Amino acid sequence: MAAAATCIAVVALALAVLEPGARGLDRRADFPPGFLFGAATSSYQVEGAYLDDNKSLSNWDVYTHTQPGKIMDGRNADIADDHYHRYMDDVEIVHDLGVNSYRFSISWARIVPRGRLGEVNSAGIAFYNRLIDALLKKGIQPFVTLNHFDMPHELETRYGGWLGAGIREEFEYYTDVCFRAFGDRVRFWTTFNEPNLLVKFQFMLGKHPPNRCSPPFGSCSSGDSRREPYVAAHNVLLSHAAAVRNYRTNYQPEQGGSIGIVIAMKWYEPLTNSTEDVRAARRARSFEVDWFLDPIFFGDYPREMREMLSSDLPNFTSEEKKLLLNKVDFIGLNHYTTIYAKDCIYSPCDVGTYEGNALVYATGGNPQIGKPTAVGGYYVVPEGIEPAVMYVNHRYKNATIYITENGYSQHSSTNMVDLMSDVERVNYLKDYLTYLSSAVRKGANVGGYFVWSLVDNFEWLFGYTVRFGLYHVDFDTQVRTPRMSANWYRAFLTGDEVHEPRRADS
Ligand code: NOJ
């Protein structure tokens with residue numbers, strides 16, 4: 001009986017999908033000419049080959065090996081998607097999607113395994129050369145991230161990761177090696193992926209290596225959650241600026257590429273229309289986005305942060321301010337969700353929240369702001385992408401924006417039929433794209449959009465318990481299979497008829 005019902009549901013779903021779509025956007029042509037459409041991954045999450053060809057151990061290799069209990073399923077990314085060995089097949093599936101760009105990151109530990117005091121690893125350089133060349137051969141623009149959460153473990157030990165000022169020179173050296181080796185073919189560089197989340201997870205919540213925090217945010221063996229995230233962010237910002245200065249001076253004039261930074265950005269809606277909650281939403285945005293973009297555009301941290309943190313927020317010297325000014329060609333935004341912001345200055349809150357130092361409580365579940373997804377705190381609120389993009393557009397001088405990540409997660413324990421017929425993901429992507437196109441029509445200067453992710457992969461603290469891929473991956477056989485969402489994306493991009501997905505039960 002149950003099997004028959006499932007069968008009927010699958011057939012009904014297939015038929016529903018065959019109906020031509022009528023709702024909202026359904027064509028690539030709704031976006032400007034030259035718009036980049038792509039899919040994204042990162043080195044630690046997909047490459048595997050964790051000790052191949054002279055790569056050194058990264059911070060995440062050591063963390064997952066020494067503290068498996070911190071990862072939901074106790075697993076690591078020693079093999080992950082084995083992309084290091086299967087990159088040619090992966091270029092093929094990128095190509096099959098009909099995208100014109102692919103966003104990936106370079107593993108620092110593969111390029112300069114021991115930092116600037118050691119050798120450049122020619123095998124690591126050769127790997128990314130092969131990947132870049134294979135992409136270009138298929139007409140796919142590499143969109144390259146220089147740091148996506150991972151660094152050589154040796155440097156984390158030597159400098160305390162981003163906490164030590166010495167890491168700045170290391171980053172400048174490593175990025176210089178990359179510009180020199182790959183810059184003749186790479187048109188799009190970003191220095192950091194989500195540095196705002198990186199330093200919070202590392203130094204405020206203590207959940208990513210080197211696991212530093214203090215109460216009320218967490219109980220780590222050492223750390224200072226009120227001060228260290230801001231010191232680390234300071235070092236990240238100065239590292240970013242030095243890398244961009246070097247690129248602009250020594251590489252860009254001849255190579256002609258562009259360089260930016262990728263910020264994680266939720267949209268905060270005030271929980272109520274009280275002045276306090278409206279201000280809380282504003283403050284939360286400052287502590288999330290303006291924290292990194294204000295220094296790069298205007299040379300200093302936002303006023304709200306200075307008022308709240310006073311001397312816990314480091315100062316830039318006048319030379320550093322000059323170094324920071326106008327140090328991006330574009331802004332990358334990773335946007336997944338919208339969340340309510342509630343003021344915690346005038347009313348009591350649970351202070352151990354992500355936005356804690358802003359004295360803002362963020363909630364999406366009470367009341368529910370949108371359908372929940374497999375990752376806690378990520379709700380489906382497509383309309384939120386529009387004000388998020390418009391906010392960045394207005395505040396940062398109409399800078400070019402790329403949506404460098406947007407995607408939908410499923411629990412790995414979901415049954416195979418639903419894992420593959422991922423109607424929820426199709427609707428998510430389609431609806432977010434609809435609101436993104438509306439921002440474009442309102443004048444936002446958006447240059448591209450990347451789905452997270454090309455393939456299911458190692459999702460940090462969640463291990464393999466959640467899946468974000470357009471392609472399903474069987475981690476025992478490494479077989480990649482396109483989901484309904486991959487087929488939808490291809491149809492959308494290639495101009496084939498786009499079919500309207502609908503739930504079987506609706
Ligand atoms: C942001 C991160 O850049 C990426 O590494 C992560 O897998 C996705 N979001 C999904 O959580």
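**Cavities, core and contacts in a predicted model**

User: Leaving aside neighbours within four places in sequence, which residues is W189 in contact with?
Analyst: In this predicted model, W189 is in contact with I106, V144, L146, C178, F179, F182, G183, Y247, S258, I259, G260 and F330. Each of these pairs counts as a contact because heavy atoms lie within 4.5 Å.

User: What makes W189 stand out in the largest nonpolar core?
Analyst: The core holds 155 residues, and W162, W189 and Y489 are the ones that touch the most other members. Members of such a core are buried and joined through side-chain atoms within 4.5 Å. In soluble globular proteins, nonpolar side chains tend to be buried together.

User: Why is H208 called buried?
Analyst: H208 has a relative accessible area of 5%, and buried means under 20%, so H208 is buried. H208 sits in the loop between α9 (195–204) and α10 (228–250). Apart from neighbours within four places in sequence, H208 is in contact with W60, Y63, F149, F201, Q202, W460 and L461.

User: How do you know that α9 meets α12?
Analyst: P195, N196, V199 and K200 in α9 meet F287, E288, W291 and F292 in α12. By class, this contact has five nonpolar, one polar and two charged residues. The axes of α9 and α12 (residues 275–298) come within 9 Å and cross at roughly 115 degrees.

User: What makes a space a cavity, and how many of 30 Å³ or more are found?
Analyst: A 1.4 Å probe fits in a cavity but cannot get out. A search of the whole structure finds two of 30 Å³ or more. The largest has about 70 Å³ of space, and the second largest has a volume of about 30 Å³.

User: Which classes of residue line the two cavities?
Analyst: The lining of the largest has three nonpolar, four polar and five charged residues. Among them are E47, K55, D61, R110 and D150, which count as charged because Asp, Glu, Lys and Arg form that class. The second largest has six nonpolar, three polar and no charged residues. Its lining is Y336, T373, Y378, Y379, G407, Y408, S409, Y428 and F468; G407 counts as polar because Gly is placed in that class.

User: What is the volume of the largest pocket, and which lining residues are closest to its centre?
Analyst: About 970 Å³ of space lies in the largest pocket. Of its 38 lining residues, L197, F201, V375, G376 and Y378 are the closest to the centre. By class, that lining has 19 nonpolar, eleven polar and eight charged residues. The space is called a pocket because the set of points is open.

How values were computed
Residues numbered from 1 in each chain as written. Predicted model: local features only at pLDDT ≥ 70, side-chain atom pairs only at ≥ 80, totals over all residues. Heavy atoms only, no water. 1 Å grid on protein atoms, 1.4 Å probe; cavity = no way out; pocket = protein on both sides within 12 Å on 5 of 7 lines; lining within 4 Å. Points joined across faces, edges and corners; volume = space filled by probe spheres on them. Buried < 20%, exposed > 50% of the residue type's maximum accessible area, 1.4 Å probe, protein only. Helix = DSSP H or I, 4+ residues; strand = E, 2+ residues; numbered from the N terminus. Axes fitted to C-alpha atoms, helices over the stretch in contact; angles between N-to-C directions.
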